[in-house]
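Please work through the following exercises with the sequence and the coordinates at hand. Each task is followed by a solution that goes step by step.

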Amino acid sequence: MALVGQKIHALRKAKGLTLKQVSDLSGRSVSFLSQVERNLTSPTVTSLAQIAHALGVGASYFFTPPPREGQVVRSYAHQPFRLEDGEVVYARLGAEFEGRTLEPLLVAYPPHFASETSTHEGEEFLYLLEGQVIIFLEEQEYALNPGDSMHFASRHTHRVVNPCDVPARVLFVNTPKYLD
């Protein structure tokens with residue numbers, strides 16, 4: 001099974017694109033893309049979506065998403081996954097159907113995790129279930145505790161940090177969907 005970086009590299013080459021061109025299209029640096037392609041770093045869902053968009057595919061092109069049947073996703077059917085060797089654990093909560101625009105996820109951020117800063121099209125909604133996270137949105141810092149939620153336009157620079165010694169679990173809904 002090919003690693004995400006190898007798949008990105010192969011697709012980029014097949015499309016005749018340089019790292020610089022993909023960098024310009026995705027908003028990610030050439031050095032970051034090079035590290036991803038060589039499997040030296042693992043992209044976040046946001047980064048993978050930006051790279052996939054630049055390459056003209058959905059992020060699910062790079063891995064096999066968990067299967068879904070019908071409109072109901074049973075709790076016992078959640079299939080947690082990571083992006084390559086990434087620390088963050090995801091579970092898709094949404095059903096598969098034509099034209100959907102939301103990507104609901106259950107996200108587990110490990111202790112002391114800090115995401116990269118990103119900006120992209122769409123919206124994000126977070127509802128903190130357990131633990132604590134700090135959302136950095138533009139120049140503001142928002143500490144969320146269980147039961148707190150946040151909704152914002154993804155075009156603003158943002159990142160997530162778990163400052164605690166325990167995992168944080170977040171119900172995360174975004175649009176446009178990242179994993180298709």
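The structure is a predicted model, and the exercises begin with a pair of aromatic residues.

**Exercise 1. Burial and ring geometry**

Task: Determine whether Phe113 is buried or exposed, do likewise for Tyr109, and then classify the geometry of the rings of Tyr109 and Phe113.

Solution: Begin with accessibility, for which the cut-off for a buried residue is under 20% relative accessible area. Phe113 has a relative accessible area of 8%, and it is therefore buried. Tyr109, at 8% relative accessibility, likewise counts as buried.

Next, turn to the rings. A pair of aromatic rings is described by the distance of the centres and the angle of the planes. The structure contains one aromatic pair by the rule applied here. In this pair, formed by Tyr109 and Phe113, the ring centres lie 5.5 Å apart and the planes make an angle of 25°, so the rings are stacked. The step rests on the cut-off that planes under 30 degrees apart count as stacked.

**Exercise 2. The five-stranded sheet**

Task: Give the strand order of the open sheet of five strands, identify its edge strands, and follow the pairing of E2 with E1 and with E8.

Solution: The five strands are arranged in the order E1-E2-E8-E3-E6, and their pairing is antiparallel. At the edges stand strand E1 (89–92) and strand E6 (149–153), each of which pairs on one side only. On average, and with direction ignored, neighbouring strands of this sheet are turned by 20° against each other.

Now take strand E2 (residues 103–109), which runs antiparallel to E1 and is joined to it by four bridges. Within this pairing, Arg92 is placed opposite Leu105 in E2, while Val89 is placed opposite Ala108 in E2. E2 is also joined to strand E8 (residues 168–175), here by seven bridges and again in an antiparallel arrangement. Ala108 has Arg169 as its bridge partner in E8.

A further step concerns the surroundings of E2: six of its seven residues are buried, so the strand is largely enclosed by the rest of the structure.

Finally, consider the loop between E1 and E2, where Leu93 is found. With a relative accessibility of 25%, Leu93 counts as partly exposed. The C-alpha atom of Leu93 is separated by 9.4 Å from that of Gln79, a residue 14 positions away along the chain.

**Exercise 3. The three-stranded sheet**

Task: Explain why one side of E5 and one side of E7 are left without a neighbour in the sheet, and then describe how E4 pairs with E7 and with E5.

Solution: The open sheet of three strands has the order E5-E4-E7, with antiparallel pairing. Strand E5 (140–144) and strand E7 (158–161) are at the edges and have a single partner strand each, so one side of each lacks a neighbour in the sheet. From one strand to the next, the twist averages 20°.

Strand E4 (residues 133–137) pairs with E7 over four bridges in the antiparallel sense, and Ile135 has Val160 as its bridge partner in E7. The pairing of E4 with E5 is antiparallel as well, and it extends over five bridges; here Phe136 has Glu141 as its bridge partner in E5. E4 and E5 form a hairpin with two residues between them, and Glu138 in the turn has a positive phi of about 55°.

To complete the picture around Phe136, note that the charged end of Arg159 sits over its ring, 4.5 Å from the ring centre.

**Exercise 4. Helix H2 and its packing**

Task: Describe the packing of H2 against H4 and against H3, and state the handedness of the crossing that H2 makes with H4 and with H3.

Solution: Two packed helices are described by the angle between their axes and the distance between the axes. For helix H2 (residues 19–26) and helix H4 (residues 45–54), the angle is about 115° and the axes are 8 Å apart. H2 is therefore roughly perpendicular to H4, and the crossing in which it passes H4 is right-handed.

For H2 and helix H3 (residues 30–37), the axes come within 9 Å and cross at roughly 110°. H2 is therefore roughly perpendicular to H3, which it passes in a right-handed crossing.

A last contact involves Arg28, whose charged end sits over the ring of Phe32 at 5.1 Å from the ring centre.

Conventions
Residues numbered from 1 in each chain as written. Predicted model: local features only at pLDDT ≥ 70, side-chain atom pairs only at ≥ 80, totals over all residues. Heavy atoms only, no water. Pairing = 2+ DSSP bridges. Axes fitted to C-alpha atoms, helices over the stretch in contact; angles between N-to-C directions. Phe/Tyr/Trp six-rings, centres within 6.5 Å; stacked < 30°, edge-to-face > 60°. Buried < 20%, exposed > 50% of the residue type's maximum accessible area, 1.4 Å probe, protein only. Lys NZ or Arg CZ within 6 Å of the ring centre and 35° of its normal. Parallel < 35°, antiparallel > 145°, perpendicular 65-115°, else oblique. Left-handed = near helix turned anticlockwise from the far one by under 90°.
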